[in-house]
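These are my notebook entries on one chain, taken down in the order in which I looked things up. I began with single residues and went on to helices and their packing.

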Amino acid sequence: MALIEVKIPKLSESISEATLLNWHKKEGELVVRNENLIDIETDKVILELPAPQDGIINKIIITDGSIVTSNQVIALIDTDISKLSSKTEIKNKKDIKNLNTIVMPSAKKILSDNNLEISKINNGTGKDGRIIKEDVLKVLSSIKNINEEKQEKYKPYLDSISIKNNSRLEECVPMSRLRLCIAERLLQSQANSAILTTFNEINMQSIIDLRLKYKDKFEKEHNVKLGFMSFFVKAVVSALKQYPIINASVDGNNIIYHKYYDIGIAISSSRGLVVPILRNADTMSIADIEKKINEFINKAQDNKLLPEEMSGGTFTISNGGVFGSMLSTPIINPPQSAILGVHAIKKRVIVENNNVVIRPINYFALSYDHRIIDGREAVLSLMVIKKNLEDPYCLLLDL
């Protein structure tokens, strides 16, 4: 017997502990190197823990739902090659490839908890046909109509949602670590910051015209679509350079002025809101920004964002407009001191050169910590963003 330890990987400095979600293997089962053994949830991301070598699960030391820390041993694998069947190993690898490419971690957990076979899910509605949590829940929600034998099989799920004569349904689920972290940080922000919000309206016609003119050439040249967010980032960086206090943070009785521009981009994922960081955004081109944001979106959908990709940040942009939001007062992401809320573009009747015209208007909201940022700096920085977006050629020429 040749036993090796399966350990929790080193977590980042900002993460002290994590939660084991669900084992994908049982004791005595064959595993293949790099096969995902278990999903690990931190307050920022879900990590997959791959098998370090081919072997057989000898012992599972730490079970589902347990709290773990860096380098903690959670299982033992017997790597005695004489016990492994090459034929079984090859088949297993095929199954693993199929499973990992179509089933998201949250969906895997529900499948495992309820002994539901993947074959019961006809089509995944996630990206590239991936099976997501909602696909599994849709199947489970119809279980009340199946025969008694199957009802017993899925009793754990039915018990968790049934109340009073089955005439009304509720589901009680614990908050994920990410949701708990979001709740804690938002309460912290509200309690420890003097948050005030200033608004302005942006005429998006020039940006829209620019995109329409160059979007095809841009995509052909850079292999990425030309969106709005790269212009927002550029406009924000320009404003932060002119008003450094917007890019600062509070540390006790001190103000920390950051001489770099790490812009957080709020992205919705199946687990909740995540905010990956564009490092040194002032040095990035429009194409660089679009490519990085596209990479972040794909990683967020697949729960592949790394903790270091979401740590830090000096300013955040939150685009609720993609969901149709017309106006909001975004909450600051501590320890930052300001956040920009972007909303849906709608045609509005406005006065332009004493003429009544229809233009695509976007309402921008800048929330700021009034402890260190005065209304003057907040309003003027938002005016810089407005100027840059309404005249993007000056923005691109650094004028």
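I looked up Asn 71 to begin with and found it partly exposed, because its relative accessible area is 48%, where buried means under 20% relative accessible area, exposed means over 50% and partly exposed lies in between, for a 1.4 Å probe and protein chains only. Asn 71 sits in the loop between β7 (67–68) and β8 (73–78), and its phi is positive, about 65°, although the residue is not a glycine. Helices here are DSSP runs of H or I with at least four residues and strands are runs of E with at least two, both numbered from the N terminus.

Before going further I noted the basis of the entries: this is a predicted model, in which local features need pLDDT of at least 70 and side-chain atom pairs count only at pLDDT 80 or more, while totals for chains, interfaces and linings use all residues. Residues are numbered from 1 along each chain as its sequence is written, and side-chain values use heavy atoms, with hydrogens and water left out.

**Backbone entries**

I set Asn 353 beside this, since Asn 353 also has a positive phi, about 55°, without being a glycine. Its place is in the loop between β20 (346–352) and β21 (355–369), and I list Asn 353 as exposed because its relative accessible area is 70%. I noted as background that most residues other than glycine have a negative phi, and that most peptide bonds are trans. On the second point I looked up the bond from Pro 334 to Pro 335, which is cis with omega near 10°; Pro 335 belongs to the loop between β18 (315–319) and β19 (338–342).

**The chain as a whole**

I recorded 11 helices and 21 strands for the protein chain. Of its 399 residues, 44% count as buried. Contact means heavy atoms within 4.5 Å, and among the contacts with a separation of 6 or more, 63% are between residues 24 or more positions apart.

**A buried glutamate**

Is Glu 41 buried or exposed? I found Glu 41 buried, because its relative accessible area is 8%, and I located it in strand β4 (residues 36–41). Leaving out residues up to four places away in sequence, Glu 41 touches Ala 18, Thr 19, Leu 21, Ile 46, Ser 176, Arg 177, Leu 178 and Arg 271.

**Helix α9 and its flanks**

Helix α9 (residues 286–301) has 16 residues and spans 23 Å from its first C-alpha to its last, close to the 22 Å expected at 1.5 Å a residue, where the expected span is 1.5 Å times one less than the number of residues. Its buried residues are Ile 286, Ala 287, Ile 289, Glu 290, Ile 293, Phe 296 and Ala 300. An α-helix has 3.6 residues a turn, so residues three or four places apart point the same way.

Ser 285 lies in the loop between β17 (277–278) and α9, and I count it as partly exposed because its relative accessibility is 32%. From Ser 285 to Ser 230 the C-alpha distance is 8.5 Å, although the two are 55 residues apart in sequence. After α9 comes Asn 303, with a positive phi near 55°. Leu 306 is in the loop between α9 and β18, and its C-alpha is 8.9 Å from that of Pro 276, 30 residues away along the chain.

**Helix α8 and its two partners**

Which residues of α8 meet α9? I listed Met 229, Ser 230, Phe 231, Val 233 and Lys 234 in α8, against Ile 286, Ile 289, Glu 290 and Ile 293 in α9. By class, this contact of α8 with α9 has 6 nonpolar, 1 polar and 2 charged residues, with Ala, Val, Leu, Ile, Met, Phe, Trp, Tyr, Cys and Pro counted as nonpolar, Asp, Glu, Lys and Arg as charged, and the others, Gly among them, as polar.

I then turned to the other partner: Phe 231, Phe 232, Ala 235, Val 236, Ser 238, Ala 239 and Gln 242 in α8 meet Ser 381, Val 384, Ile 385, Asn 388 and Leu 389 in α10. The residues of the contact of α8 with α10 divide into 8 nonpolar, 4 polar and no charged. Phe 231 appears in the contact with α9 and in the contact with α10.
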